[in-house]
Structures are given as C-alpha cells and as structure tokens.
Amino acid sequence: MSTLRKTGLTLAAALLGAGGVVAGAGNGSAAPLSPFAAQGRSAGLSSTQIAGVQREVDTVIAQSGGKQVALDKVALSDASAVVVTVPGESRVRDLSAGKSGMYAPGNCGQQNFCAYKGRNYTGYEFTMWKCRTWELPGDGWGSGGSWYNNQTPGTQAVMYGKHMQWVYTTPPAPFGDPHGNWKPVWFIKNC
C-alpha cells in the first residue's frame, strides 16, 4: 500500500473519530457526519440511535425552524428549545451528562416551563424559559401530554386554544401534571 494511501486512511479514521467529513471510497464524494455524533457516542448511544435522533431533529427543524445545538436539541429562539427522544426511549434526557443523564421531568431546569408531547413526561420536550406566549411546535399536539412548571415558586402558566381563548391556568410552580390534555391547547403563556 502506498504511503499516500496509508496517510489518507489514517486521516479518514481520525476524522471519523472526531465527527468530521470522510470522502467516499474512491468516488470522491463526501459523507458528512453529524457534528454531534461524538456526544451520542459518549452517552452510550449506538450509531443507529444517533442516526434516529438526527432524523427527529431534522423533522423538528423542517416543521418549526430553529437551529440544532446538541444531538437531541433544537433551539427555536433565544428562549425556547425542543428536545427529542432517543429511539427506544420514551423520555428525553440530558445527553451531555452521558449515560447517567437525567430523564424528564428531572431535566426541566429551574426557571423553565416544560411541555411534553406524551403522558407521564414522555415524547418531545418543549422548554420555555423567557416570559411570553408560546405556540406549541408543529400543528397542535392532539390529546394526551404532560407538563412541568419549574419556574420561580408561585408562578402560574396560562394555556390557550387555537384562537387564543383561555383553556387552563396551572397551579403555582413548582407543579406538574403527568396526565394533561393538549387537544384544546395551542399556546402557552409560561408566566
């Protein structure tokens, strides 16, 4: 094997380990790897799970916009984010903490209101930390769902319907409802 070929293979292996771009074998094409793949590997995810998370993140971005800021997280604005679940898991978790990362709702940070697409804090997590009225990402979340209000103690959130009609006012924070109903809710004023 030529020295040039050995050097190329060594460089390709180094780039793969760093989550870079590796040229295809002999055809000159490039196959980009997620810059967040290393985060998934350090959290103990398989390559299939990493690819599945990336597909979910790509779907969120296509539907709601935003920018990917972690393997499983899309920043929708400077004050909200959507976190997706790992394939085979029902709850979102903090992948930056590795395998022992906190699962929802324990990962809903202080001063946040977290909405979960599924019951019992399962499915996508929509995290809101700036005080304003937020529209649930996508086209309504249908029935089921849950939420956790981890804002300043005593803060209440208000939920509104598709035409901004009042639906529900939460009990004061900290408080959560593992068996909510998103069917009538399209907007949340988190404070």
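This is a short talk on the fold, one pocket and a few single residues of a protein chain, seen in a predicted model.

I will start with the chain as a whole. The protein chain contains three helices and 13 strands. It has 191 residues, and 41% of them are buried. The surface that the protein chain exposes comes to about 9,900 Å², with 56% of that area supplied by carbon and sulfur atoms. Now take the contacts in the protein chain with a separation of 6 or more: 56% of these are between residues 24 or more positions apart.

Next, three strands that follow one another. How do strand E3 and strand E4 pair, parallel or antiparallel? Strand E3 covers residues 67-70, strand E4 covers residues 73-77, and the two are antiparallel, with three bridges between them. If you want a place to look, find Gln68, which stands opposite Val74 in E4. The connection is a hairpin, with two residues between E3 and E4.

E4 then pairs with E5. These two strands also run antiparallel, joined by four bridges. Here the pair to look for is Ser77 and, opposite it, Ser80 in E5. Again there is a hairpin, and two residues link E4 to E5. While you have the strands on screen, keep one general point in mind: side chains in a regular strand alternate between the two faces of the sheet.

E5 brings us to the largest pocket. Its space is about 210 Å³. The lining is made of 17 residues, and those closest to the centre of the pocket are Lys73, Val83, Asp94, Asn107 and Glu125. Which strands contribute at least two residues each to this lining? Strand E5, residues 80-83, is one of them, and strand E7, residues 122-128, is another. Sorted by class, the lining of the largest pocket holds six nonpolar residues, six polar ones and five charged ones.

Now some single residues, beginning with Val86. Val86 sits in the loop between E5 and strand E6, which spans 112-118. Is Val86 buried or exposed? The relative accessible area of Val86 is 2%, under the 20% cut-off, so Val86 counts as buried. What does Val86 touch, once residues up to four places away in sequence are set aside? The list is Leu45, Gln49, Val53, Arg93 and Leu95. As for distance, Val86 and Asp72 are 14 residues apart in sequence, and their C-alpha atoms are 7.7 Å apart in space.

The loop between E5 and E6 also holds Gln111. Gln111 is partly exposed, because its relative accessibility of 43% falls between the 20% and 50% cut-offs. The backbone here deserves a look: phi of Gln111 is near 75°, a positive value in a residue other than glycine.

Asn112 belongs to strand E6. With a relative accessible area of 11%, Asn112 is buried. Apart from neighbours within four places in sequence, Asn112 has contacts with Thr127, Met128, Trp129, Tyr148, Asn149, Asn150 and Gln151.

After E6, in the loop that leads to E7, we find Tyr121. Tyr121 has a positive phi too, near 60°, and Tyr121 is not a glycine. Where Gln111 is partly exposed, Tyr121 is buried, at 11% relative accessibility.

Why mention these angles? Most residues other than glycine have a negative phi, and most peptide bonds are trans, so exceptions are worth pointing out.

That leaves the peptide bonds. Which two residues are joined by a cis peptide bond? They are Ala173 and Pro174, with omega at about -5°. Pro174 is in the loop between strand E11, residues 166-169, and strand E12, residues 175-177.

To close, here is what to find when you turn the model yourselves. Start with the hairpin of E3 and E4, then follow the hairpin from E4 to E5. From E5, go to the lining of the largest pocket. Then look for Val86 in the loop between E5 and E6, and finish at the cis bond between Ala173 and Pro174.

Terms used: Residues are numbered from 1 along each chain as its sequence is written. This is a predicted model: local features need pLDDT of at least 70, side-chain atom pairs count only at pLDDT 80 or more; totals for chains, interfaces and linings use all residues. Side-chain values use heavy atoms; hydrogens and water are left out. On a 1 Å grid over the protein atoms alone, a cavity is a set of points where a 1.4 Å probe fits but cannot get out, and a pocket is an open set with protein on both sides within 12 Å along at least five of seven lines; lining residues have an atom within 4 Å of a point. Grid points are joined across faces, edges and corners, and a volume is the space filled by probe spheres set on the points. Ala, Val, Leu, Ile, Met, Phe, Trp, Tyr, Cys and Pro count as nonpolar, Asp, Glu, Lys and Arg as charged, and the others, Gly among them, as polar. Two strands pair if DSSP finds at least two bridges between them. Buried means under 20% relative accessible area, exposed over 50%, partly exposed in between (1.4 Å probe, protein chains only). Contact means heavy atoms within 4.5 Å. Accessible areas come from the Shrake-Rupley method with a 1.4 Å probe; for residues, only the protein chains shown count as cover.
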